[in-house]
Amino acid sequence: MDSRRYSFVVVANRLPVDRTDDGWTRSPGGLVSALEPIARGAHGAWVGWIGVPGDDVEPFEHDGVRLLPVQLSAEDVDRYYEGQSNSTIWPLFHHGVETPVHRRAWRVAYEEVNRRFADAAARVAAEGATVWVHDYQLLLVPAMLREARPDLRIGFFLHIPFPPVELFMQLPRRVDLLRGLLGADLVGFQQSLAAHNFLQLSARLLGLQPEGEQVRYDGRTVTARAFPISIDVGEIEKLAADHTVRAESRRLRRELGGDRTLLLGVDRLDYTKGIEQRIEAYGELLDDGTISNREAVLVQVATPSRMRVAQYQQLRERVEREVGRINGEFGDVGKAPVHYLFQSRTREELVALYLAADLMLVTPLRDGMNLVAKEYVAARSDERGALVLSEFTGAAEELPDAFQVNPYDTDDLERGIAAALRADPADLTARMRRMRAHIADHDVNRWAQEFLDALGR
Ligand code: ADP
Ligand code: G6P
């Protein structure tokens, strides 16, 4: 372990890089996309897991950030990560879009692993340091850390939705989870509704009476507030201006059939993302003739995610079956209606796709924020393209100029896609310009600054 002490420490389940057979690669997901530039700028330390079970890895430096690996055994991964984090809390916090599974052994492992993260952070934080804990895998860490190190300033940010009280009440050991979060000085959420749910829960379970956005707990004041997360706009704009990326974008369009309208989906393969609903709607639009395979094509890039969890395996099967059905039914030799890539792509490749896409389809059933929607907008310096966006994402609150849809209602999803396809180019430009102005003014640096300012106070 490191003998150094840090005045700013990030604690998250994952480190920004994963260990793979080819060396270190960027970890998947929005948490890492958002936090990586912040940690780099702050010259702090980052406590997290390397993404695979096994050996102890020594602390190391990556892109100016000190990474402090926490070790997880195969059994920890099974119980704490795939079990309690991703089969219990993840589906429940996403409003039960899949049925949460409850197991006692998973809860025990969750507590043990949370303690390991808290201990690691307690060891490396300097006197009076700021420690910023992240996301649903580590709900117990703030209280554990406070107990070990009352001198610290502790912030917590939840990247996913926080469920309504009735849903949270289903969780076994729900009070422990709530007390875990109340160990923080500041608890941040994506949306004000989530902060409201949290305060209501504190009243219901512990009788804490909120005063505005604060409660008194254990002789301290805990603040709960929304801080909608964002992206590194500068990074995306730089990539979008890069001539290699632009050439790649032109090549993609040529390969996909010149003047065919390109619709794009980019997600982790996760049941919260509405990928199935999107593909089904596309199939119906082909079927009723609103879209023809000669004139349009859908590219769906789906990063493999949590593939040992049964619900994710089943989702993969359903998506692949539906893609096969649509391609079989509506395709032609050399012209498939759906190009499905079950792959992770580099940032450059993603931005080339964003630049090539006439329509970006972001249709989650539930999503804390959704950074893909914001990345698409940031990439479109040409002020072209259209965003079809689920109203159940945090991003929808900030982007009223997207074509907003209810992904549970296939007719509404189809209406939104058709409206975006038919929209007047001048209208699309006006919408894109307003969305770009909002994103430019609300990038991830502002998000972090606002959170840390509020925590510092
Ligand atoms: P989540 O955090 O749930 O995965 P977000 O949309 O908030 O969803 O963030 C996803 C992040 O992962 C974005 O930064 C996006 O660019 C990246 N990403 C998504 N799909 C892929 C992919 N197929 N290859 C590489 N990166 C991806
Ligand atoms: C979401 C979660 C993150 C998580 C990411 C990728 O963004 O909020 O905490 O890291 O998905 O998921 P994974 O399970 O691969 O870490």
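Worked exercises on a predicted model follow.

Residues are numbered from 1 along each chain as its sequence is written, chains are lettered from A and ligands numbered from 1 in the order in which they are written. In this predicted model, local features need pLDDT of at least 70 and side-chain atom pairs count only at pLDDT 80 or more, while totals for chains, interfaces and linings use all residues.

**Exercise 1. Domains**

Task: State how the protein chain is divided, and describe the contact between the parts.

Solution.
- Step 1. The chain splits into domain 1 (6-229 + 445-455) and domain 2 (233-441). These bounds come from an automatic or database domain assignment.
- Step 2. The C-alpha centres of domain 1 and domain 2 are 30 Å apart.
- Step 3. Domain 1 puts 20 residues into the contact and domain 2 puts in 19 residues. Contact means that two C-beta atoms, placed from the backbone, lie within 7 Å.
- Step 4. On the side of domain 1 that touches domain 2, H1 and helix H2 (74-93) each give two or more residues. Helices (H or I, at least four residues) and strands (E, at least two) are DSSP runs, numbered from the N terminus.
- Step 5. H1 supplies the largest share of that side, four residues.
- Step 6. By class, that side of domain 1 has eight nonpolar, ten polar and two charged residues. Ala, Val, Leu, Ile, Met, Phe, Trp, Tyr, Cys and Pro count as nonpolar, Asp, Glu, Lys and Arg as charged, and the others, Gly among them, as polar.

**Exercise 2. Ligand shells**

Task: Where does ligand 1 lie relative to the domains, and which residues surround ligand 2?

Solution.
- Step 1. Ligand 1 has 17 residues around it, the closest being Gly 29, Gly 30, Ser 33, Thr 303 and Leu 371. A residue is near a molecule if its C-beta atom, placed from the backbone, lies within 6 Å of it.
- Step 2. Helix H1 (30-42), strand E12 (261-268), strand E13 (296-303) and helix H13 (371-379) each give two or more residues to this shell.
- Step 3. Both domain 1 and domain 2 give residues to the shell, so ligand 1 lies between them.
- Step 4. Ligand 2 is surrounded by Asn 13, Arg 14, Pro 28, Gly 29, Gly 30, Leu 31, Asp 135, His 159, Ile 160, Ser 305 and Arg 306.
- Step 5. Strand E1 (6-14) and H1 each give two or more residues to the shell around ligand 2.
- Step 6. That shell holds three nonpolar, five polar and three charged residues.

**Exercise 3. Strand E16**

Task: Why is E16 described as largely enclosed?

Solution.
- Step 1. Five of the five residues of strand E16 (residues 386-390) are buried, so the rest of the structure largely encloses E16. Buried means 20 or more other C-beta atoms within 10 Å of the residue's own; exposed means 12 or fewer, partly exposed in between, with C-beta atoms placed from the backbone.
- Step 2. In a regular strand the side chains alternate between the two faces of the sheet.
- Step 3. In E16, Ala 386, Val 388 and Ser 390 are buried on one side, Leu 387 and Leu 389 on the other.
- Step 4. Strand E15 (residues 359-362) runs parallel to E16, joined by four bridges. Pairing requires at least two DSSP bridges.
- Step 5. Val 362 has Leu 389 as its bridge partner in E16.

**Exercise 4. Ile 50**

Task: Is Ile 50 buried or exposed?

Solution.
- Step 1. Ile 50 sits in the loop between strand E4 (45-49) and strand E5 (60-62).
- Step 2. Ile 50 has 21 C-beta neighbours inside 10 Å, so Ile 50 counts as buried.
- Step 3. Not counting residues up to four places away in sequence, Ile 50 touches Leu 15, Asp 18, Arg 19, Val 57 and Pro 69.
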